[in-house]
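Me: Could you walk me through this one? I have not looked at it before.

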Amino acid sequence: MSTSPTRLFARERLADNVLHFCRVLRAAGLPVGPAKVIAALEAVEAVGVERRDDFRAALESVLIERHEQRTLFDQAFELFWRNPRLLERMMQLLLPKVYGRTPRSETEAPLPARLAEALSPVRRGDRELYDQETTIDAAFTFSPREVLQSKDFETMSAAELAEVKRMIAQLRLPLPELPIRRNVPADRGTAIDLRATLRAMTSARGAVVPLEWRRRRHRSPPLVVLCDISGSMDRYARMLLFFLHAITNDRDRVHTLLFGTRLTNITRHLRRRDVDIALARVSAAVSDWAGGTRIGACLAQFNRRWSRRLLGQGAVVLLISDGLDSDVGQGLSREMERLAKSCRRLIWLNPLLRYDKFEARPAGIRAMLPFVDDFLPVHNLDSLKQLAGAFARPRMPRGRAEAEFAAGLGA
Amino acid sequence: MTTASLPASVDAALALLEQHDYFADRRLATSVFLALKMRRPLFLEGEAGVGKTEIAKVLARSLGRSLVRLQCYEGLDTASAVYEWNYPRQMIEIRLAEAQGKIDRETLASNIFTERFLIRRPILQALEPADGIAPVLLIDELDRTDEPFEAYLLEVLAEYQVTIPELGAIRAKEPPIVVITSNRTREIHDAIKRRCLYHWVDYPNAERELAIVRRKVPGADVRLSREVVAFTQRVRGMDLFKSPGIAETLDWAEALVALDRIRLDPETVANTLGALLKYQDDIGAITPEVATRLVAEAHAEAAAIDAAS
């Protein structure tokens, strides 16, 4: 411990800065609790401030928990620890907020949106104004087909909404339970529970003791839902979102991704208990509502980025799509095959199946059908309810669904 | 084995790892240093084959501690991860007590549930090492287990203790050095990560990878090593289902040495690509034309480095 007052001062200021940095990260959405702030101080103390990269790595290893958080951390670090007007910014952070942002000089790079918000948060009242703004940023659009618009759930009539909500909230999706490698005590088990038996023996005073039994526990497998939200699916997407919200909150290990022209993981948004809040967040997160569909490209993205993270432990995949592909099935069958091979069961729900005269003519549908295990309709509440029956059916060899479907047409 | 003292700085950590054939980048060395200094578990996440498990092994070797490894799998339970009672011995004990005719319920219960009948599994071994020196505990591929085991780990990682109902809590005198790895086949719960120092292990850059190949496959020609690394780095830039890790690079270099190759050529690449890429789709993506182009680029890059040095 140095007793020099200047040194002490410098160190105190460093601690303050680290603290503020943690606060900025927290405001930007990183889970940085008090325990982490203390750990960060400890880490900085251990590594010292002689080398910038060490300092950075030390903070990083303490403050982030996921690979995805690195980008945000990097941006925040650059901004916070390099900017000479650091103190000024911190003052901004601490002072009561004045409406509007401080104008930035031209040379300064624009702040990433989340950080900018964290550094000078908008007041509640302002935020509402913000939300009502309908400006559309078209800079990153994939094509004119992708309509960048926020889907408005409000347009559903109140009565309709209430009715659908009520009915869907009661829907359950009884996935068949599979044996897992854990045991529970059971009267009529399949294996002897030696530990319990021995405990019984010690208190039985030499008498003959009955054996204690255990059996395999059962648990339903993870469920991954891939839902098409392109223009042709628009009428169903809204109804299905209620359904997806209901099943996401009904059980653990449900992951939901939406796709049109791009793939968006909305699992976290759907975990919100309140269906209105959840759907509002989904609506904000998804940018390709009611646009085109690039099923092949989206499935490819899923296979690369998500399949190994989500499809472990015997996951069941629910693919909800009409199979009408803007890319006319290009590369689709290869991705479908990869998807089918990485999951336990691949179930395709297609609203178009409600037509008696439905034929698998579009290229997209022909490319996908050979790889699905079940091919089922999903156009109204009844069909959702019938899903339960389909799940109970044991899995058949691949390709049977297609054969059955073809036979059904012939009949 | 004598215990080496913990590194005193990031540089010391870096040097220590390198001394034992692990070429870490500075970020990783910082995380390792902090994990040792702050006595926190080190949580390593990254693609398969980037050297996550190796860190634990090297740490054990370089610090002169034993390595206790717990390979995770689905359904891993306390009986195979922490402890189990030795039931046959317990039964014999009970029979003996009965035969001698002195059966007192209380004494019997307290006799057979003692440390004598306890079978120690990796976690308990790590908390109560036989030699008294806190070992390196490697919890490998945590993503392969299920949530109940993760929840169990919380107590172990936070308090360095386990609770055995019949015996009470067993606490480590000196906490072990814990390294947890995950291939991210699912997300590990935040509660676990919060207790750890998190580090994402990336693919190495060309320079570091070359150093690794030179050290681990000393039989490979210098020029060949450079070409192998240049080729692999280019393959990683392609849009593949599974990019090759360092382990694959080393396998491939060894395969080429076994075939007595001193230069890369498209035909050899085509014949040995299975050492580098493990998916048929990915191997298919390296067509003869692509292979020829990549080999030419690798030659050029190796030659350029040669000329420069």
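Reply: Here is a short tour of the chain contact, one helix pair across it, and then chain B itself. The model is predicted, with local features needing pLDDT of at least 70 and side-chain atom pairs counting only at pLDDT 80 or more, while totals for chains, interfaces and linings use all residues. Residues are numbered from 1 along each chain as its sequence is written, and chains are lettered from A and ligands numbered from 1 in the order in which they are written.

Me: How many residues does each chain put into the contact?

Reply: Chain A gives 31 residues and chain B gives 34 residues, where two residues are in contact if their C-beta atoms, placed from the backbone, lie within 7 Å.

Me: And which part of chain A has the largest share?

Reply: That is H3(A), with 6 residues of the side of chain A that touches chain B; helices (H or I, at least four residues) and strands (E, at least two) are DSSP runs, numbered from the N terminus. By class, this side of chain A has 12 nonpolar, 7 polar and 12 charged residues, with Ala, Val, Leu, Ile, Met, Phe, Trp, Tyr, Cys and Pro counted as nonpolar, Asp, Glu, Lys and Arg as charged, and the others, Gly among them, as polar.

Me: At what angle do H3(A) and H2 of chain B pack?

Reply: H3(A) and helix H2 (residues 26-38) of chain B pack at about 60°, and their axes are 9 Å apart; axes are lines fitted to C-alpha atoms, for helices over the stretch in contact, and angles run from 0 to 180 degrees between N-to-C directions. H3(A) is therefore oblique to H2(B), since angles under 35 degrees count as roughly parallel, over 145 as roughly antiparallel, 65 to 115 as roughly perpendicular and the rest as oblique.

Me: Which residues of H3(A) and H2(B) meet?

Reply: From H3(A) there are A:Asp53, A:Asp54, A:Ala57, A:Ala58 and A:Ser61, and they meet B:Arg26, B:Arg27, B:Thr30, B:Ser31 and B:Leu34 of H2(B). This contact has 3 nonpolar, 3 polar and 4 charged residues.

Me: Switching to chain B alone, how far apart are the axes of H11 and H15?

Reply: The axes of helix H11 (residues 222-237) and helix H15 (residues 288-308) of chain B are 8 Å apart, at an angle of about 130°, so H11(B) is oblique to H15(B). Among the residues that meet there are B:Arg223 and B:Phe231 in H11(B), and B:Leu294 and B:Asp306 in H15(B).
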